[in-house]
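Biologist: I should like to learn how the features of a protein model are read. Would you take me through them one at a time?

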Amino acid sequence: MKQARPKQSPGKFLPISLSEAKARGWNELDVIFVTGDAYVDHPSFGVPLLARLLESKGLRVGIIPQPDWRSKEPFMALGRPRLFFALAAGAMDSMVAHYTPARKLRRDDAYTPGNRHGARPNRATIVYTSRLKEAYRDVPVVIGGIEASLRRFAHYDFWEDKVRRSALLDAKADLLVYGMGETPLLELVRRLQQGEPFASIRGLRGTAYVAATPPDAEELLELPSFETVASDKAAYGQSFRLLSGEQNPACARVVVQRHAERFLVCNPPAWPLSEQALDAIYALPFVKAPHPSYKEAIPAYEQIRNSITTHRGCFGGCAFCAITHHQGKTIQSRSEESVLRELERLAELPWFRGSVSDLGGPTANMFGLSCGNKEAGDKCRRVSCLYPKLCGNLVTADAKSSRLLAKARKISGVKNVAVSSGVRYDLLERQPNYLRELVSHHVSGLLKVAPEHLTDRVTSAMRKPGKACFERFRDSFMKESARVGKRQYIVPYFISGHPGCTLSDMVDLALMLKRWGLKVEQVQDFTPTPGTLSTCIYHTGVDPYTGEKVYVAKTDREKGLQKSLLLYHVPEERKSCLQALRECGREDAAEELFGMGRR
């Protein structure tokens, strides 16, 4: 007799133990999620969001957060699922979470209670799959999340300094879901519920699988094999370039890559979610809190607990960023009503004190934007709508985004609303209303922006706007701040050691900042992460689109010197800065930076 399924109870956490499952009247779960993060029931965390979505479709869903991977028993905490296990390494690639850009072990983990390191293994996707197969060999395992998504093809791994196979082959999982995952997971469940065998489900958009032979597809792109790209950097660059043109769901082809005698088969990306579908997801009954079993604070939650996500996707196409390969280039925006309703619910929570920490997405001022030419958009293979110049088909009107800001701060119980998720200041040049709203009401004295660099040769390698654009933005920001009678400042973020950047480039950048009176407190040392153009260039030393050679700082010593130059105002960094100036023949800059002559 089929078990009756109780109705959803808002305010209840999803079960993480059998006792919690049985308290709901569930003796068996349909899908069990495994995650390298702590369980925080908030829509900013991917696994809880997907689990809530499946729950809303009537499935019995549980989560195993941060299981001890040293044995199979923790992976059996919720028993055997009826359909499959779904696992993700966490919100970050596990190697990025564990190691600094200098490959030194980190001592913290923001997604773990108490900020403690060590709650997840290296290459968590592979390790978790192995333990699940050890526990329940016959239960399908579906891998996803940022780690699996960006490692779905043969990829350069910075931590081993070599090209690794697809994560799907290394993990020996049954299916890989890439991207945000909602549509592929729902379709997978639907077909399984209809009785289709798991092994026969092969055509789902947004998924990849392993096959003995390539599929019989009308349009199919075969990349150079794993063995070829592992031994030939030119072939690696060619593979990256070919793959980067297959991110548009409207024109993407099935992509295959041979690994020895088998083929990785990657179906086209899932279609972007509609406004209605996105609204429905954010209306799900999230508790917006960590599971009550945790007794210590979770830093990642504390950072986003008062934030509201307005949209997904980014059409910026920055070389060092993988958002396009995961969330997609298409902006998927929620309705204004949906965002305001979530703000109202947030304001009613007992711990809310009136301050919304962020209202935005990957790039806050892209809310409500879209391509204005559907026919051209359906054929578009551009990586960026902004680089090397703004696409003429891009709709940049700021009416929706500026209206949302105005309405958000009028919600009862909301005292102030910050925009801290970052803005594209080159886009702001076409958004005067948004800029006015932002400067007048949504900057708490300091506005964080990320020019990343300001010498044109380096920003070109980064696919970012250069010095002139930043200067125009700086002037507009200061002028607008003065107009509304506020003393506000820009806090710029920069990357050191990026491909294309030399010591001399960093000297030029330091001098610019000195002349403008800007000081940076933090500098991000470039880390080559899977899936990005910058990582491809780091590995090959060549721009895959132009074939031009690119200078790459490879040693920790040189990267350390580059970083020190931007911290020239910190006394502890002066010795390293002077060494950097000597090595690149720029000792003349010492007088301007430090008030001293040549040494």
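Modeller: The turns that follow go through the sheet, the helices on it, the cavities and some backbone details. Please keep in mind that this is a predicted model.

Biologist: Let us begin with the sheet. In what order do the strands of the open sheet stand, and what is the pairing?

Modeller: One reads a sheet by walking from strand to strand. Here 9 strands form an open sheet, in the order β3-β1-β4-β5-β8-β9-β12-β11-β10, and the pairing is mixed. From one strand to the next, the twist averages 25°.

Biologist: Which strands stand at the edges?

Modeller: The edges are taken by β3 (61-65) and β10 (220-223). Each has a single partner strand, so one side of each is left without a neighbour in the sheet.

Biologist: How many bridges join β10 to β11, and how do these strands run?

Modeller: There are 4 bridges between β10 and β11, and the two run parallel. One can follow the pairing at the level of residues: glutamate 222 has valine 256 in β11 as its bridge partner.

Biologist: Which strands are joined to β12 by bridges?

Modeller: Strand β9 (residues 207-211) is joined to β12 by 4 bridges, and the two run antiparallel. Within this pair, valine 210 has leucine 264 of β12 as its bridge partner. Strand β11 (residues 254-259) is joined to β12 by 5 bridges, again in an antiparallel arrangement. There, valine 255 stands opposite cysteine 266 in β12.

Biologist: Is strand β12 largely enclosed or largely open?

Modeller: To judge this, one counts buried residues, those with under 20% relative accessible area. In β12 (residues 262-266), 4 of the 5 residues are buried, so the strand is largely enclosed by the rest of the structure.

Biologist: What is found between the strands in the hairpin of β11 and β12?

Modeller: The hairpin has 2 residues between its strands, and alanine 260 takes a positive phi near 55° in it.

Biologist: Let us turn to the helices. Which strands does helix α7 lie across?

Modeller: One reads a helix on a sheet by the strands beneath it and by its direction. Helix α7 (residues 182-193) lies across β1 (31-35), β4 (84-88), β5 (141-144), β8 and β9, and runs at about 170° to β4. Helix α9 (residues 233-244) also packs on the sheet, where it touches β10 and β11. The direction of α9 makes about 155° with that of β10.

Biologist: How does one find empty space inside a model?

Modeller: Rolling a probe the size of a water molecule over the atoms shows where empty space is left. In this case, a search of the whole structure finds 6 cavities of 30 Å³ or more. The largest cavity holds about 230 Å³ of space.

Biologist: Which residues are the closest to the centre of the largest cavity?

Modeller: The lining has 16 residues, and those closest to the centre are Phe153, Ala154, Phe240, Leu243 and Gly531. Two or more lining residues come from each of α5 (145-150), β6 (155-157) and α9. The largest share, 4 residues, is that of α9. By class, the lining has 8 nonpolar, 7 polar and 1 charged residues.

Biologist: What lines the second largest cavity?

Modeller: The second largest cavity holds about 90 Å³ of space. Among the residues that line it are Asp93, Arg123, Glu147, His155 and Arg164. Helices α4 and α6 each give two or more residues to this lining. The classes here are 3 nonpolar, 2 polar and 6 charged.

Biologist: Arginine 123 is in that lining. What is the phi of arginine 123, and is this residue buried or exposed?

Modeller: The phi of arginine 123 is near 50°, a positive value in a residue other than glycine. Arginine 123 belongs to the loop between α3 (94-98) and α4 (124-135). With a relative accessible area of 13%, arginine 123 is buried.

Biologist: Where does lysine 172 lie, and is it buried or exposed?

Modeller: Lysine 172 lies in the loop between α6 (167-171) and β8 (175-177). Although lysine 172 is not a glycine, it has a positive phi of about 60°. Its relative accessible area is 60%, so lysine 172 is exposed.

Biologist: Lastly, what kind of peptide bond joins tyrosine 387 and proline 388?

Modeller: For this, one reads the omega angle. Tyrosine 387 and proline 388 are joined by a cis peptide bond, with omega about 0°. Proline 388 is placed in the loop between α14 (374-379) and β20 (394-395).

Technical notes
Residues are numbered from 1 along each chain as its sequence is written. This is a predicted model: local features need pLDDT of at least 70, side-chain atom pairs count only at pLDDT 80 or more; totals for chains, interfaces and linings use all residues. Side-chain values use heavy atoms; hydrogens and water are left out. Buried means under 20% relative accessible area, exposed over 50%, partly exposed in between (1.4 Å probe, protein chains only). Two strands pair if DSSP finds at least two bridges between them. Axes are lines fitted to C-alpha atoms, for helices over the stretch in contact, and angles run from 0 to 180 degrees between N-to-C directions. Contact means heavy atoms within 4.5 Å. On a 1 Å grid over the protein atoms alone, a cavity is a set of points where a 1.4 Å probe fits but cannot get out, and a pocket is an open set with protein on both sides within 12 Å along at least five of seven lines; lining residues have an atom within 4 Å of a point. Grid points are joined across faces, edges and corners, and a volume is the space filled by probe spheres set on the points. Ala, Val, Leu, Ile, Met, Phe, Trp, Tyr, Cys and Pro count as nonpolar, Asp, Glu, Lys and Arg as charged, and the others, Gly among them, as polar.
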